[in-house]
Amino acid sequence: VVEMAVEADAVKMDPQALKRVEELFFGQINSGLHPGAGLAVYRYGQLVLDLHDGLADNAANLPVTAETIFVLYSATKPLAAACIHILWERGSLAWYDAVARYWPDFAQNGKGAVTIRHLLSHQGGFPETPAELTWDKWRDWDAVIRAMENAIATYEPGTTMAYHARNFGWVIGELVQRIDGRPFKQFLKEEITVPLGMKETYIGLHACLLYTSPSP
């Protein structure tokens, strides 16, 4: 399904380039690369292109719609970074502060020299997600934090840039909590999403979207 909100020319975009995006999108769905997907393109705050197609649930033959929810990996990293920048702006921290200054147990396994600056630039030296942090534990914040404390630095902090794919968000989130006192989700809501009117932005699945699958 293709939905156009505004004409490409109105926001100084190339219509042919958007057409190519559309072709690539549906080509990947039709080839089976993705069972289902959604894609939105914004320019100057205006929705230019809105695509969705394929299946959201293969077993139930449930199609992707405009209301289908997708997990966006790494999309919360900038939100977490924005929260820590707010605290910096208020003088609550300095970029060269050691993470362990606010979170003593984080210093385990060679991470004592990791600074907040190292975290934000992916130079903390512990890019690998701890093996103990299996997917079924991701919703248990305390279990995640223990895993982050146990994470082993494989590089000397500040010497190597290595993408901290999963560790980044949780460590920054815990820092926000320890420095500010409010849970990370609450801080994000009260300081960013509510003031900016971001009604559909939240960490984790919103309570109103939880559901129980019917019994067979």
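Is Arg-182 buried or exposed? At 18% relative accessibility, Arg-182 counts as buried, because the cut-off for that word is under 20%. I start there since this residue leads into the rest of the talk. One caution before going on: what you have in front of you is a predicted model.

Arg-182 has a partner. Arg-182 forms a salt bridge with Asp-180, and the closest N and O atoms are 2.6 Å apart. Asp-180, at 27% relative accessibility, counts as partly exposed. The pairing does not stop at two residues: Arg-90, Asp-180, Arg-182, Glu-190 and Glu-191 are linked in a network of salt bridges. Between the two partners sits Gly-181, just after helix H6, with a positive phi of about 105 degrees.

That brings me to helix H6. It runs over residues 167–180, which is 14 residues. From the first C-alpha to the last, H6 reaches 20 Å, close to the 20 Å expected at 1.5 Å a residue. How many of the residues of H6 are buried? The count is 11 of the 14, so the helix is largely enclosed by the rest of the structure. Among the buried ones are Phe-168, Trp-170, Ile-172, Leu-175 and Ile-179. What covers them? The cover for the buried residues of H6 includes helix H2 (77–89), helix H3 (99–102), helix H4 (116–120), helix H5 (141–150) and helix H7 (184–193).

H6 also holds a salt bridge of its own. The side chains of Glu-174 and Arg-178 meet at 2.6 Å, N to O. Both lie in H6, four residues apart, about one turn of the helix. In general, an α-helix has 3.6 residues a turn, so residues three or four places apart point the same way. Glu-174 is buried, with a relative accessible area of 7%, while Arg-178 is partly exposed at 37%.

Helix H1, residues 15–30, gives a second example. Glu-23 and Arg-20 are three residues apart there, so about one helical turn separates them. Their side chains meet in a salt bridge of 3.8 Å, N to O. Here Glu-23 is partly exposed at 44% relative accessibility, and Arg-20 is partly exposed at 46%. Over the whole structure, the search finds eight salt bridges.

Next, helix H7, where Ile-192 is placed. Ile-192 counts as buried, at 9% relative accessibility. Which residues is Ile-192 in contact with, leaving aside its neighbours within four places in sequence? They are Leu-79, Ala-82, Cys-83, Ile-86, Phe-187 and Met-198. As for Val-71, it lies 121 residues from Ile-192 along the chain, and their C-alpha atoms are separated by 20 Å.

Last, the aromatic rings. The count comes to five aromatic pairs. In one of these, the rings of Trp-88 and Trp-95 have centres 5.1 Å apart and planes at 15 degrees, so the pair is stacked. Trp-88 counts as partly exposed, at 40% relative accessibility. Elsewhere, Trp-103, Phe-106 and Phe-126 form one aromatic cluster. Phe-106 has a charged companion as well: the charged end of Lys-111 sits over its ring, 5.0 Å from the centre.

To go back to the opening: Arg-182 is buried, and it belongs to a network of salt bridges with Arg-90, Asp-180, Glu-190 and Glu-191. That is where I will stop.

Notes:
Residues numbered from 1 in each chain as written. Predicted model: local features only at pLDDT ≥ 70, side-chain atom pairs only at ≥ 80, totals over all residues. Heavy atoms only, no water. Helix = DSSP H or I, 4+ residues; strand = E, 2+ residues; numbered from the N terminus. Expected span 1.5 Å × (residues − 1). Buried < 20%, exposed > 50% of the residue type's maximum accessible area, 1.4 Å probe, protein only. Contact = heavy atoms within 4.5 Å. Salt bridge = Lys/Arg side-chain N within 4 Å of Asp/Glu carboxyl O. Phe/Tyr/Trp six-rings, centres within 6.5 Å; stacked < 30°, edge-to-face > 60°. Lys NZ or Arg CZ within 6 Å of the ring centre and 35° of its normal.
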